[in-house]
Amino acid sequence: MQEYVVNRPDEGAMKQALRENYSNAAGTILRLAWQAGLLRDEIQRLTWEQVDFLDQVIVLPDRNVPISRELADWLQALRDGRERSGESVVLSDRDRKPLTPQSISRLARTALDRQGQTSVRLIDLRHDFVLRQLEERDWQYVSRITGVEAAGLNVHFAGHLEEKKISTRIRRETSARIDEFALWKLLRAEGSSPAGITLWLTWQAGLRLEEIVALTWDQVRENRLCLERREVPLTGGTKKVLEELARREGRDGPVLTAPRSRRPYDRTRLSKLARAALIRAGLDDLTLRDLRVDCALRSGGEGQILSQARRQGWTTRNEVCALLNISRTAAYNRLKQLTARGRLTQVGARYYLPENVVSPERQERAVLDYLEKEGFAYRQDIARLLGIGVGQCRPLLQRMLARGALSQDRQRYILNSTAASPGAGLEPAVPAAKSGKEQEV
């Protein structure tokens, strides 16, 4: 196998080359390769219809590439200078006709040689674009805009970075939020491809990757999948893509097989295909596990959890464990997902329907407004105001007392005069209505 060589160009030499080839074909080629990371064939086929000046993005068949304001303005000026003639972005300087791939390489070679960049190839300009992006961005973003899979980024480019390794782990502080519109759009686009089948079976049937790899046509029945230890109902969409795959590939042996070898996909390869599809669709913060969890919430207890919270007023992790007969960790994950999606609001150890409770970030403001209006309140009054249990009010009230926002007179809580001032760190309270005497003055 030929060694993958990366020859990074000199930045000063590249800027000089762009100045000397400001509005000709060579300058266009260098800009699209170095400033947008386009491949030679992509440069040769690029049309003005693919350049979105409003959103500053180049729309390619497999990805969208954001471009800088500088490059967008330059392309706009180039297009206007041609009086909008010709569909292709790159045209010959002589006859204004589209260039062949070989001509593009020759023009780039000549322009680079003039700047002393004799070892730098056209593909190296794209490589340099990838490296500059990796120095500033996370791998998911770079993979999405360049079309290079995470494994390729690590193998070919990590050695040129200070860290010497590209982390492919997704780190986030909150649960994933699934953009269902974007995901449905992706599923329709992928159809019965290996990535599409994997995503359908993960999100709509909740299958693990090892179950998808081992799935055979004998296990696919009319409306369900008969796995080793359970049966999984099929949604209409999942059934449709499986039927489409069966018509094309036949109903013999494993459901998913590699096109050339006709052998089952291995788990790693199938995972990469699915991840690449998610990244291309802009869903780079999602994992297959996120899709399985979402499926479990929709089909395995979301309605029951919400019904319990509605009937009782709240629910807890232990109650969800007993309700669904699942572990504490699984119950925590489902409650966390429901909270992230806005279906539940967490206050302490309890989970409430959002419409029945004041969210934690608004509780102090609600208490201050109430006390300003009523003068004082008992703990039971505050519990009714916030929609939570009496015992749950205690931590909130203790914080407000310690900060000096409230005073306590036996069982009554009273507003301090400085509680709602700007220095208290809260939004200014709505002033109380003036008395009749004050209004007359």
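Me: A salt bridge pairs a side-chain nitrogen of Lys or Arg with a carboxyl oxygen of Asp or Glu within 4 Å. In this predicted model, what N to O distance do Arg 208 and Glu 211 show?
Reply: Side chains of opposite charge can pair when their charged atoms come close. Arg 208 supplies the nitrogen and Glu 211 the oxygen, so the cut-off to meet is 4 Å. Their side chains do meet in a salt bridge, with an N to O distance of 3.4 Å.

Me: Is Glu 211 buried or exposed?
Reply: Buried means under 20% relative accessible area. Its partner Arg 208 has 38% and is partly exposed. Glu 211 has 14%, so this residue is buried.

Me: Which residue forms a salt bridge with Glu 231?
Reply: Glu 231 is exposed, at 53% relative accessible area. The partner is partly exposed, at 34%. The closest N and O atoms of the pair are 3.1 Å apart, and the partner is Arg 224.

Me: What is the relative accessible area of Arg 248?
Reply: Arg 248 and Glu 249 meet in a salt bridge at 3.3 Å, N to O. Glu 249 is partly exposed, at 39%. Arg 248 is also partly exposed. Its relative accessible area is 46%.

Me: Which residues do shared salt-bridge partners join into one network?
Reply: The count of salt bridges comes to 20. Some of them share partners, and these join residues into one network. Its members are Arg 208, Glu 210, Glu 211, Arg 230 and Arg 267.

Me: Which helix gives the most to the largest nonpolar core?
Reply: Nonpolar side chains tend to be buried together in soluble globular proteins. The largest core here has 39 residues, and Leu 199, Leu 225 and Leu 242 have the most contacts inside it. Helices supplying at least two residues each include H9 (180–190), H12 (236–249) and H13 (267–280). The top contributor, with six residues, is H10.

Me: Which residues of a second, separate core can be named?
Reply: In the largest core, Leu 199 touches residues including Leu 186, Ala 274 and Leu 291. The second core is separate and has 36 residues. Among them are Ile 43, Leu 78, Val 120 and Leu 125.

Me: Over which residues is the pLDDT below 50?
Reply: The protein chain averages a pLDDT of 84, and 88% of the residues score at least 70. One stretch falls below 50. Beyond near neighbours in sequence, this stretch has 22 contacts in the model. It covers residues 419–441.

Terms used
Residues numbered from 1 in each chain as written. Predicted model: local features only at pLDDT ≥ 70, side-chain atom pairs only at ≥ 80, totals over all residues. Heavy atoms only, no water. Buried < 20%, exposed > 50% of the residue type's maximum accessible area, 1.4 Å probe, protein only. pLDDT = per-residue confidence, 0-100. Contact = heavy atoms within 4.5 Å. Core = buried A, V, L, I, M, F, W, Y, C linked by side-chain atoms within 4.5 Å. Helix = DSSP H or I, 4+ residues; strand = E, 2+ residues; numbered from the N terminus. Lists of a residue's contacts leave out its neighbours within four places in sequence.
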